[in-house]
Amino acid sequence: MSLSFGFIGLVTRDMAATLGFYRTLGFEIPASADTEPHVELTPSPGVLIAWDTEETIRGFDPSWVAPTGSHRAALAFSCESPLEVDTTYATLVEAGYRGHVAPWDAFWGQRYATLLDPDGTSVDLFAAL
């Protein structure tokens, strides 16, 4: 068997709100995607993130229910500098998105911060100190 990684798939309650978060994070996603049931983004070469609406998922898995509690998946984005971690975190919080762990200097040698996207997915920002 020969497997190759395909994509990270996330389920969203509100496609427009979720894509707004990722646009504020800095990704170019056309506004026309806000009404689509499935959206794909390649934030870095070889990495594909896909979002599907809850309705899309229920279309092929009628028994699907949204998870409850803490996040079940996390995305982590590398920043060019510790200052970029701080400014990106501040930009998203000022835009009304949820900060989860404010920027801090991690013992493993990185500036690190965590936000939550509109669906509660953990989005980490990091840079070498």
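Here are three short exercises, with worked solutions, on the pockets and aromatic rings of this predicted model.

**Exercise 1.** Describe the largest pocket by its volume, its lining and the class of its residues.

*Solution.* Start with the space: the largest pocket has a volume of about 400 Å³. Next, look at the walls, where 19 residues form the lining, and Val11, Pro67, Arg72, Asp119 and Thr121 lie nearest the centre. Strand β1 (residues 8-12) gives the largest share of this lining, four residues. Finally, sort by class: six residues are nonpolar, eight polar and five charged.

**Exercise 2.** Find which strand gives the largest share of the lining of the second largest pocket, and sort that lining by class.

*Solution.* This pocket holds about 260 Å³ of space. Of its 16 lining residues, Phe27, Pro43, Ala76, Phe77 and Ser78 lie nearest the centre. At least two residues each come from β2 (38-44), β3 (47-53), β4 (74-78) and α3 (82-94). The largest share, four residues, belongs to β4. By class, the lining has eleven nonpolar, four polar and one charged residues.

**Exercise 3.** Classify the ring pair Phe107 and Trp108, then follow Trp108 to Tyr112.

*Solution.* The structure holds eight aromatic pairs. In one of them, the ring centres of Phe107 and Trp108 are 4.9 Å apart and the planes meet at 80°; over 60 counts as edge-to-face, so that is the label here. Trp108 also pairs edge-to-face with Tyr112, at 5.6 Å centre to centre and 80° between the planes. Now add accessibility: Phe107 is exposed at 76%, Trp108 is partly exposed at 43%, and Tyr112 is buried at 16%. To finish, place these three in their aromatic cluster, which also includes Trp104 and Phe126.

Notes
Residues numbered from 1 in each chain as written. Predicted model: local features only at pLDDT ≥ 70, side-chain atom pairs only at ≥ 80, totals over all residues. Heavy atoms only, no water. 1 Å grid on protein atoms, 1.4 Å probe; cavity = no way out; pocket = protein on both sides within 12 Å on 5 of 7 lines; lining within 4 Å. Points joined across faces, edges and corners; volume = space filled by probe spheres on them. Nonpolar A, V, L, I, M, F, W, Y, C, P; charged D, E, K, R; others polar. Phe/Tyr/Trp six-rings, centres within 6.5 Å; stacked < 30°, edge-to-face > 60°. Buried < 20%, exposed > 50% of the residue type's maximum accessible area, 1.4 Å probe, protein only.
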